[in-house]
Amino acid sequence: MAAGGTYTPIASTVLSSSQPGITFSGISASYTDLVLVCDGAATGQANYELRFNSDTTSLYSRTFLTGNVGGASSNSAANQTFIRCDFGGNLETTFGQGVVINIMNYSNTSVNKTIISRSGGTSGVGGSVGMWRSTAAISTIDVIATGANYISGSTFSLYGIVRA
Amino acid sequence: MSPTFRAGVMASQISGHLTSPAYESIATYLGDNTLNDFTLSNIPQTYKHLQVRITCRTGNHAFDTDDGLFMYANSDANNNYSTTYMYGSGGSVYSGASATQPYYSCGSFPSTNTTANAQGVMIIDILDYANTNKYKTIKSISGFDTNTANSMYFIRTGNWRSTVAISSLKFLLVTDGTTRFGSNSSVALYGIK
């Protein structure tokens with residue numbers, strides 16, 4: 001069996017001021033999967049939303065599963081302009097809600113791109129799966145807080161995993 | 001209003017690869033639409049945990065829009081597995097548990113009968129797999145989105161009731177014997193120290 005170290009840090013940032021989003025660009029195609037870890041808060045109602053390669057068309061879809069003290073629910077949304085990656089609750093204005101997003105097979109130019117996430121915070125727990133209906137390799141990731149800003153101190157880290 | 005991006009990180013600004021030795025690639029099976037099952041064997045006992053990362057679209061299945069995946073430790077097909085699960089599909093949530101099963105039921109993948117080029121994904125963690133003093137705990141997330149209400153998100157945990165160290169993992173697509181791991185599918189095994 002082949003073996004080799006992987007799970008490589010690609011880029012990471014800590015916001016020093018409120019921002020409506022962050023962009024990871026120039027992503028190498030040399031990995032198999034990407035892992036994006038976001039731990040932030042927002043100035044108002046916002047979520048962790050992804051776009052790839054600056055595509056703002058309605059080629060995204062997602063399904064999430066969420067639970068909190070009120071019960072559990074699920075929802076699917078087709079033909080979206082982004083993938084909402086958290087469990088469905090809004091970000092808090094204080095820290096305590098994060099998400100780990102796996103962007104699988106991101107550089108394969110024969111398949112659509114699928115993400116899967118786990119997330120949680122003080123208002124709930126859950127995860128989501130989403131698809132970008134494009135076979136293009138992902139080289140740019142926008143993390144968007146539609147309608148609000150991520151606050152100072154929010155962290156965003158991107159890792160790459162290579163299979164044997 | 002389109003957001004503006006005032007913060008950004010250029011990946012190209014990072015020099016070198018800061019490889020972590022704690023997470024290592026062990027082996028990968030690449031699907032080519034020929035196999036219904038395969039086994040990753042001779043798994044080293046030098047890690048603390050295992051992780052399996054899968055992307056898959058099944059082939060050669062004429063009917064269903066998705067196909068299930070089963071996993072066996074050390075080729076054990078006796079009723080030594082159990083699973084508890086919750087999943088969401090469309091607007092509904094389901095949960096349940098299956099005791100005394102002959103396999104760990106991992107989740108399901110889209111077949112060629114659904115949205116073109118859509119793939120399912122799965123991440124399975126096998127905890128303390130080499131410990132000979134306790135049963136093995138398995139947890140996984142999986143799902144697929146096909147831009148339809150038939151999309152699914154799964155979260156599962158399970159148990160293999162054996163104290164034997166895991167040295168092989170067999171993966172089997174639904175038991176009809178004809179479904180294949182399609183082209184561009186991959187099952188990648190990693191070790192975590």
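In the predicted model, strands β5 and β8 of chain A, which cover residues 49–52 and 83–84, are paired in the antiparallel sense over two bridges. Within this pairing, Leu50(A) has Ile83(A) of β8(A) as its bridge partner. Strand β5(A) is also joined to strand β12 (residues 141–144) of chain A, in this case by four bridges and again with the strands running antiparallel. Here Phe52(A) stands opposite Ile141(A) of β12(A). The side chains of β5(A) point in two directions: Glu49(A) and Arg51(A) one way, Leu50(A) and Phe52(A) the other. All four of these residues are buried, the two charged ones, Glu49(A) and Arg51(A), included.

Strand β12(A) has a further antiparallel pairing, with β3(A), over four bridges. In that pairing Gly21(A) stands opposite Ile144(A). Strand β3 of chain A spans residues 21–25, and four of its five residues are buried, so the strand is largely enclosed by the rest of the structure. Val143(A), a residue of β12(A), touches Gly21(A) and Ile22(A), as well as Cys38(A), Tyr48(A), Leu50(A) and Phe156(A), when residues up to four places away in sequence are left out. Its contacts thus include residues of β3(A) and, through Leu50(A), of β5(A).

Taken as a whole, chain A contains 13 strands and zero helices. Its pattern along the sequence is accordingly a run of β elements from start to end. For a chain of 164 residues, a compact globule would have a radius of gyration near 15 Å, and the value for chain A, 15 Å, agrees with this. The C-alpha atoms of the chain fill a box of roughly 45 × 35 × 35 Å along the principal axes. Of the 164 residues, 56% count as buried. Among contacts in chain A with a separation of 6 or more, 76% are between residues 24 or more positions apart.

Chain B likewise has zero helices, and it has 15 strands. Of its 193 residues, 42% count as buried. Where contacts join residues at least 6 apart in the sequence of chain B, 77% of them join residues at least 24 apart.

Four strands of chain B form an open sheet with antiparallel pairing, in the order β3-β13-β6-β9. Strands β3 (37–40) and β9 (104–110) stand at the edges of this sheet; each has a single partner strand, so one side of each is left without a neighbour in the sheet. Direction ignored, neighbouring strands of the sheet are turned by 20 degrees against each other on average. Between the edges, β6 (residues 66–73) and β13 (residues 169–173) of chain B pair in the antiparallel sense over five bridges. One of the facing pairs places Met71(B) opposite Phe171(B) of β13(B).

A loop residue of chain B, Thr132(B), lies between β10 (120–127) and β11 (136–144). Thr132(B) has 10 C-beta neighbours inside 10 Å, and it counts as exposed because the limit for that class is 12 or fewer. Leaving out residues up to four places away in sequence, Thr132(B) touches Thr163(B), Val164(B) and Ala165(B). Ala165(B) is 33 residues from Thr132(B) in sequence, while the C-alpha atoms of the two are 5.6 Å apart in space.

The two chains meet in a contact that takes 61 residues from chain A and 53 residues from chain B. On the side of chain B that touches chain A, strand β2 (residues 23–30) of chain B gives the most, with six residues. The residues of this side divide into 25 nonpolar, 24 polar and four charged. Strand β2(B) also pairs with a strand of the other chain: β1 (residues 4–5) of chain A and β2(B) run antiparallel and share two bridges. At this pairing Gly4(A) stands opposite Ser25(B).

In soluble globular proteins, nonpolar side chains tend to be buried together. The largest nonpolar core of the model has 91 residues. Those that touch the most other members come from both chains: Leu50(A), Ile103(A), Ile115(A), Ile141(A) and Val143(A), together with Met71(B) and Leu189(B). Several of these belong to strands described above, including Leu50(A) in β5(A), Ile141(A) in β12(A) and Met71(B) in β6(B).

Conventions: Residues are numbered from 1 along each chain as its sequence is written. Chains are lettered from A and ligands numbered from 1 in the order in which they are written. This is a predicted model: local features need pLDDT of at least 70, side-chain atom pairs count only at pLDDT 80 or more; totals for chains, interfaces and linings use all residues. Two residues are in contact if their C-beta atoms, placed from the backbone, lie within 7 Å. Two strands pair if DSSP finds at least two bridges between them. A nonpolar core is a set of buried Ala, Val, Leu, Ile, Met, Phe, Trp, Tyr and Cys residues joined through C-beta atoms within 7 Å. A residue is buried if 20 or more other C-beta atoms lie within 10 Å of its own, exposed if 12 or fewer, and partly exposed in between; C-beta atoms are placed from the backbone. The radius of gyration is taken over C-alpha atoms; the globule rule is 2.2 Å times the number of residues to the power 0.38. Axes are lines fitted to C-alpha atoms, for helices over the stretch in contact, and angles run from 0 to 180 degrees between N-to-C directions.
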